[in-house]
Amino acid sequence: MKNIAVWITLFAVALGLSATSVNAQSSEELAKKLSNPIASLISVPFQFNYDHGYGLEDGDKATLNIQPVIPLSLNEDWNLISRTILPVTWQNDIAGPSGTQFGLGDTLQSFFLSPSKPTASGIVWGAGPVFLLPTATDELLGSGKWGAGPTAVILKQDGPWTYGMLGNHIWSFAGQSDRRDVSSTFLQPFISYTTKDAWTFSLNTESTYDWETNDWSVPINFTVAKLVTIDKQPISLTAGIRYWADAPENGPEGIGFRVALTFLFPK
């Protein structure tokens with residue numbers, strides 16, 4: 001819980017520095033770009049999530065997701081966006097009296113090929129492959145499988161509003177033979193509202209359907225973010241809560257929370 005207090009303190013202190021933010025117009029534009037998963041903007045989020053209620057022992061899980069987003073311009077018409085999620089996890093009794101584990105989880109690597117400009121109707125889209133890499137340092141932190149599949153995102157930004165959907169499906173094709181196969185669908189509908197002084201209010205779900213066990217995991221997330229600058233470095237600070245609307249029998253329950261620190265590197 002000590003790490004949780006550090007994140008909350010950092011969030012509060014940085015909000016106090018919001019008067020040093022870049023001019024309102026550029027702050028608003030950057031904040032809106034952060035609402036676009038495939039924006040032409042290098043960003044490095046550090047996203048901390050806490051959930052509880054796992055299994056018979058009401059286990060706890062805290063995960064720091066390191067999520068760099070790096071866009072590459074292929075030509076005047078097309079961009080290739082790399083999105084990586086590397087989890088660092090601490091958990092306790094998530095599989096009955098299973099004790100404590102700490103280390104890396106499996107890495108999720110996505111690539112989106114996306115037009116450099118929205119369509120005539122303002123639609124932004126991207127599609128490509130997604131890969132599951134078995135980087136977990138403990139068997140209870142990962143699947144033990146290599147996986148791959150398609151991923152896509154579609155969204156529209158209309159004034160202060162951003163709304164859209166990101167999804168993927170992963171099948172395992174190699175890995176530890178004694179581990180369960182992976183066949184899972186991820187769906188993330190999202191909507192956000194960005195004010196002129198760079199506050200962003202967001203609502204989404206990060207739902208996963210496991211085709212091997214026929215189970216849904218459906219967390220509903222509400223977050224508030226503020227874009228500030230500290231020593232000329234644009235930073236987005238986020239805090240919010242999540243409610244587990246559905247989960248497997250041994251999955252999390254009730255309310256969890258999220259805080260995040262995102263470094264932005266505009267061109």
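How do the residues of the lining of the second largest pocket divide into nonpolar, polar and charged? Keep that in mind as you click around this predicted model.

**Stop 1: the pocket.** Start by selecting K33, N36, P118, V124 and Q157, the residues that lie nearest the centre of the second largest pocket. They belong to a lining of 21 residues, and the space they help enclose has a volume of about 380 Å³. Back to the opening question: the lining has eight nonpolar, eight polar and five charged residues.

Now colour α2 (24–34), β4 (78–92), β6 (107–115) and β7 (123–133), since each of these supplies at least two residues of that lining. Which element gives the most? That's α2, with five residues.

**Stop 2: the strands.** Stay with β6 and β7, which pair in the antiparallel sense over five bridges. Pick Q109 and you'll find it opposite F131 in β7. Next, bring up strand β8 (residues 145–158): ten bridges join it to β7, and these two also run antiparallel. To see one facing pair, select G128 and look across to T151 in β8. While you're here, it's worth knowing that in a regular strand the side chains alternate between the two faces of the sheet.

**Stop 3: Q101.** Hop over to strand β5 (residues 100–104) and select Q101. Is Q101 buried or exposed? It counts as buried, because its relative accessible area is 6%, under the 20% cut-off. Show its side chain: one of its polar atoms lies 2.9 Å from the backbone oxygen of S98. Finally, light up T89, W90, Q91, D138, L140 and L141, which Q101 contacts beyond its neighbours within four places in sequence.

Notes:
Residues numbered from 1 in each chain as written. Predicted model: local features only at pLDDT ≥ 70, side-chain atom pairs only at ≥ 80, totals over all residues. Heavy atoms only, no water. 1 Å grid on protein atoms, 1.4 Å probe; cavity = no way out; pocket = protein on both sides within 12 Å on 5 of 7 lines; lining within 4 Å. Points joined across faces, edges and corners; volume = space filled by probe spheres on them. Helix = DSSP H or I, 4+ residues; strand = E, 2+ residues; numbered from the N terminus. Nonpolar A, V, L, I, M, F, W, Y, C, P; charged D, E, K, R; others polar. Buried < 20%, exposed > 50% of the residue type's maximum accessible area, 1.4 Å probe, protein only. Polar contact = N/O pair within 3.5 Å; in protein donor to acceptor, adjacent residues only side chain to side chain. Contact = heavy atoms within 4.5 Å. Pairing = 2+ DSSP bridges.
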